[in-house]
Amino acid sequence: MERKLLDRRAFVSGSVALALSQNLRARGQFGRHTPVEFSQTVQAGSSRLQIDFAHGEFALGRVAVIDRIEAAAKAVTTYYGRFPVSLARVLVIPEAGESGVLQGTTWGDIGGFPAFLRLRIGEDVTAQELASDWIITHELVHTALADLSDDQHWLEEGIASYVEPIARVQTGQLDAAAMWAGMMDGMVNGEPEAGDRGLDRTHTWGRTYWGGAMFCLVADVGIRRATANRKGLQDALRAIVDAGGTINTDWPLAKLLEIADRATKTDVLSTMYAKWSGTPVEVDLPQL
Ligand SMILES: [Zn+2]
């Protein structure tokens, strides 16, 4: 979600990885049985993260990677008021000859863990790459929403894409001006193209990630307008977590939207979903 080439490339590779991960999911191969060489459990609020490392050596050492995962967990804990699930397992797979945080995938309710994240990180990852990484935070945000059907995958990705930079801003890990610049730059990718249908029907990369993020932005503004700026999307999403609608559940979306709307005493999310899921909605982003 940051505006640098590196991040945009990572975003694209994320969508390729998404297709890959769906293949892996279909075959039931999560990499979760990969042998673990080192394990450390850290606290995130009152929750625990078990961080497991597969074979490999980071030039910076494992502690730098653990610190970055903790910082990402802190951002998510700050945004939601708590870490979304009581226990998560994070499997770190070091990739030889590579640099950067390369890719992440998150599943719910795997192997006795409410959430399971698999992260691929280059063994030559630099301190700067870790400090500016968005992928780990994005993946941890996924723990905060129930596992939805494939047609509604855009909402999972939209929330993760929209919340990630805000959560980092709220913890001082990202500059607010940089966040807005990134949204200005990227959000246009979410606009419907000719022939596109509603978000439940058109599953391109742009509509899934940025179309979903655009839905969140418009919902956030809508809730703020309806409540004289007393409530926002953050209140709605916190209510879902508080009710237990996290990644280890498969609650229907209607139930999640009802919980979220009740928290803001509006019908912004239900009304928007009814419209955006079935028809292409254009947003005047420069005006907004
Ligand atoms: Zn994602």
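This passage describes a five-stranded sheet, the helix packed on it, and one loop residue.

The model is predicted; local features need pLDDT of at least 70 and side-chain atom pairs count only at pLDDT 80 or more, while totals for chains, interfaces and linings use all residues. Residues are numbered from 1 along each chain as its sequence is written. Helices (H or I, at least four residues) and strands (E, at least two) are DSSP runs, numbered from the N terminus.

Five strands form an open, mixed sheet in the order β1-β2-β3-β5-β4. Two strands pair if DSSP finds at least two bridges between them. The edge strands, β1 (38-44) and β4 (101-110), each pair on one side only. Strands β3 (residues 87-95) and β5 (residues 113-122) run parallel and are joined by eight bridges. In β5, G122 is the bridge partner of E95.

Helix α2 packs on the sheet and touches β1, β2 (47-53), β3 and β5. Contact means C-beta atoms, placed from the backbone, within 7 Å. The helix has 19 residues (62-80) and should span 27 Å at 1.5 Å a residue; its end C-alpha atoms are 27 Å apart, which agrees. The expected span is 1.5 Å times one less than the number of residues. Buried residues of α2 include V65, I69, A72 and V76. A residue is buried with 20 or more other C-beta atoms within 10 Å of its own, exposed with 12 or fewer, and partly exposed in between. G81 follows α2, with a positive phi near 85°.

D196 lies in the loop between α6 (176-186) and α7 (205-226). D196 is partly exposed because 17 other C-beta atoms lie within 10 Å.

Notes
Contact = placed C-beta atoms within 7 Å. Axes fitted to C-alpha atoms, helices over the stretch in contact; angles between N-to-C directions.
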